[in-house]
Amino acid sequence: MDDTYDVVVIGAGPGGEVLADRIVRAGLTAAVVEAEAVGGECSYWACVPSKALLRPGAALESARSVAGAREAVTGALDPAAVLARRDRFTARGDDSGQADWLRGAGITLVRGHGRLAGERRVAVTTAAGGLRTLSARRAVVLSPGTEAARPSVPGLDGIGAWTSREATAAEAVPARLVVIGGGVVACEMATAWASLGSAVTLLVRDQALLNGWEPCAAEEVARGLTGLGVTIRFGVSATRAARDARTRAVTVETDDGAALVCDEVLLAVGRRPRTADLGLDSVGLPAGSWLPVDDTCRVTSLDGDWLYAVGDVNRRAPLTHMAKYQARTCAAAIAERAAGRRPDTGRWQPWNAHADGVAAAQAVFTRPEIARVGLTERAARDAGMAVRAVEYRIDDVAGAALHADGYRGHAKLVIDESRRVVVGCTFTGPAATELIHTATVAVVGEVPIERLWHAVPAFPTVSEVWLRLFEAYGL
Ligand SMILES: Cc1cc2nc3c(=O)[nH]c(=O)nc-3n(C[C@H](O)[C@H](O)[C@H](O)COP(=O)(O)OP(=O)(O)OC[C@H]3O[C@@H](n4cnc5c(N)ncnc54)[C@H](O)[C@@H]3O)c2cc1C
Ligand SMILES: NC(=O)c1ccc[n+]([C@@H]2O[C@H](COP(=O)([O-])OP(=O)(O)OC[C@H]3O[C@@H](n4cnc5c(N)ncnc54)[C@H](O)[C@@H]3O)[C@@H](O)[C@H]2O)c1
């Protein structure tokens, strides 16, 4: 068997599978090595099941927020039906559909654990324990993703703590859930399980949720969680955990002297790269490290242009859609170099993942939903920009009042005063996640606000908030 391909990819998550597809579309050959399931973390233990768990609660709240429809809602969520619907999306880890798609796209799928084995070579330990070596004429692309980080708390390793995997794949609703962390995973999973009936306590080391978000978003999410019955304990860290062998209950001790009794503990304290066993040392890179890359996703700490890294592992924008975006731009760069050309380093070129830093959008499905794109006011100021921020309560928009009784939402626009363009935007409120793409277009297009003034939102939509924001700015 000829085991030489133009490009060999390790990891068939969102980044790896899209990269291989674009390589084949460019007329080159590609093999993808996958150790677990084609589709990666996103399909089975992250984005898809988490959103499947969250959607029923949001739908119920939506119906309850409109008089007339509210009266038709007579019951609560049915946890068994919610979990069954989640399972329909994840197929309980059965990746045959995605594997078929991969093969149908002309990509060779090699099942097993891949490791770099020197320049342009990948050694695969197959499920049966055999060894297969793949060679790459043009490039090796690493897209192994990340796994949950674990805080060093005595006893935690012995209680069978949940990570995001167990939190998205659980088969039953825990009566009492303690969540360690205050980021996106903590907030979304607290929302999901509280909606399904768990008594949830968040242990947040910091004084606020959602580091790096506009404060208005963090405050709205904290308010929403409290409304769902979640207890949030700010400035508190776990110091010890133990599971009672007889009752199976877990006791979590905290640094303020409290002891919480619960049924499960979810660790949601960030991610670490899956590079400890990736053969990085075979090319002189440290095992276990993140893989910094340039805008074409070429690994910068290595000479030559044969090693690339896309997706979470390069830490540029750890989101599924940005992994896929990097995959598209990186594949274009590899094809350009394979054709003997040098990809232009200018912004917004097809082979540069420039949007990662300045225009990445994120949608978080808490209640209320929050969404953002580009820079926060603080990040823009830290970057030395002369910015002005304008804010508006979406509640005051006519379309919002029609959308839901007591609609509550917030909008914040960050405008670069020197170029008079939008560089950041945050929305909170019902359907905020659907609203954010309007802002993404404005940020990526670098459309002057005087021109955006002519993009008139339809009446009576929530999007009329754009008009109100520009009026607040002074247009
Ligand atoms: C709970 C949760 C919810 C999330 N929700 C969202 C969301 O709503 N929207 C969003 O945009 N992002 C979300 N994310 C982030 C999203 O999951 C990641 O950004 C995305 O999965 C990254 O894709 P990737 O291709 O880099 O890696 P992954 O999806 O992690 O895929 C990597 C693949 O590589 C394989 N692999 C690793 N090492 C090897 C090896 N040595 N050999 C062979 N195969 C290997 C793995 O088995 C895996 O299949 C969420 C994350 C979590 C934890
Ligand atoms: N809807 C979405 O877009 C979505 C949803 C879920 C996850 N994700 C992705 O998954 C990634 C991981 O999410 P996450 O919530 O695990 O990470 P995160 O970085 O968003 O949040 C980590 C939290 O844990 C806290 N923390 C860190 N170390 C700690 C420690 N030792 N003890 C106590 N607290 C500690 C931090 O202060 C922070 O509040 C995110 O970067 C995001 O890109 C995205």
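Helices (H or I, at least four residues) and strands (E, at least two) are taken here as DSSP runs, numbered from the N terminus. With that convention, Pro 368 can be placed in the loop between strand 16 and strand 17 (370–374). The structure is a predicted model, and every value below should be read with that in mind.

## Domains and record annotations

The protein is divided into domain 1 (4–39 + 95–147 + 272–355), domain 2 (161–269) and domain 3 (368–473). Between domain 2 and domain 3 the contact is formed by seven residues of domain 2 and nine residues of domain 3. On the side of domain 2 that touches domain 3, four residues are nonpolar, one is polar and two are charged. The centres of these two domains, taken over C-alpha atoms, are separated by 31 Å.

An unreviewed UniProt entry lists residues 5–327 under "domain: FAD/NAD(P)-binding". Over residues 5–327 the chain is 30% helix and 25% strand, with the end C-alpha atoms 17 Å apart. The UniProt record, again an unreviewed entry, also lists residues 361–466 as "domain: Pyridine nucleotide-disulphide oxidoreductase dimerisation". In the span 361–466, helix makes up 30% and strand 29%, and the end C-alpha atoms lie 17 Å apart.

## Surroundings of the two ligands

Around ligand 1 there are 37 residues, of which Gly 11, Gly 13, Gly 40, Gly 145 and Gly 311 come nearest. Two or more residues of this shell come from each of helix 1 (14–25), strand 2 (30–34), helix 2 (40–45), helix 3 (47–64), strand 3 (108–116), helix 6 (164–169) and helix 9 (320–338). Because domain 1 and domain 2 both give residues to the shell, ligand 1 lies between them.

Ligand 2 is surrounded by 22 residues, and the closest are Pro 151, Gly 181, Gly 182, Gly 183 and Val 185. The elements that give two or more residues to the shell around ligand 2 are helix 7 (184–195) and strand 16 (361–364). Helix 7 makes the largest contribution to this shell, with four residues. The table sets out the two shells by residue class.

| Shell | Nonpolar | Polar | Charged |
|---|---|---|---|
| Ligand 1 | 15 residues | 16 residues | six residues |
| Ligand 2 | 11 residues | seven residues | four residues |

## The nonpolar core

In soluble globular proteins, nonpolar side chains tend to be buried together. The largest nonpolar core of this model has 149 residues, and the members that touch the most others are Val 7, Val 179, Ala 190, Val 265 and Tyr 308. For Val 265, leaving aside residues up to four places away in sequence, the contacts are Ile 159, Ala 161, Trp 162, Val 178, Ile 180, Ala 241, Val 250 and Val 252.

## Backbone features to inspect

Most residues other than glycine have a negative phi, and most peptide bonds are trans. A cis peptide bond joins Arg 367 to Pro 368, with omega about 10°. A cis peptide bond also joins Phe 459 and Pro 460, where omega is about 0°, and Pro 460 is found in the loop between helix 14 (449–452) and helix 15 (465–473).

Ala 91, a residue other than glycine, has a positive phi near 50°, and it lies in the loop between helix 4 (79–90) and helix 5 (96–104). Ala 91 has 15 other C-beta atoms within 10 Å and is therefore partly exposed. Arg 315 likewise has a positive phi, near 65°, and its place is in the loop between strand 15 (307–309) and helix 9. Arg 315 counts as partly exposed because it has 16 C-beta neighbours inside 10 Å.

## Gly 424

Gly 424 lies in strand 20 (residues 421–428). Is this glycine buried or exposed? Gly 424 counts as buried because it has 26 C-beta neighbours inside 10 Å, where the cut-off for a buried residue is 20 or more other C-beta atoms. Not counting residues up to four places away in sequence, Gly 424 touches Val 373, Gly 374, Leu 375, Thr 376, Glu 377, Ala 380 and Val 414. Gly 424 and Asp 87 are 337 residues apart along the chain, and their C-alpha atoms are separated by 36 Å.

Definitions and conventions: Residues numbered from 1 in each chain as written. Chains lettered and ligands numbered in written order. Predicted model: local features only at pLDDT ≥ 70, side-chain atom pairs only at ≥ 80, totals over all residues. Near = placed C-beta within 6 Å. Nonpolar A, V, L, I, M, F, W, Y, C, P; charged D, E, K, R; others polar. Domains from an automatic or database assignment. Core = buried A, V, L, I, M, F, W, Y, C linked by C-beta atoms within 7 Å. Buried ≥ 20, exposed ≤ 12 C-beta atoms within 10 Å, placed from the backbone. Contact = placed C-beta atoms within 7 Å. UniProt positions renumbered as here; feature names shortened; annotations may be inferred.
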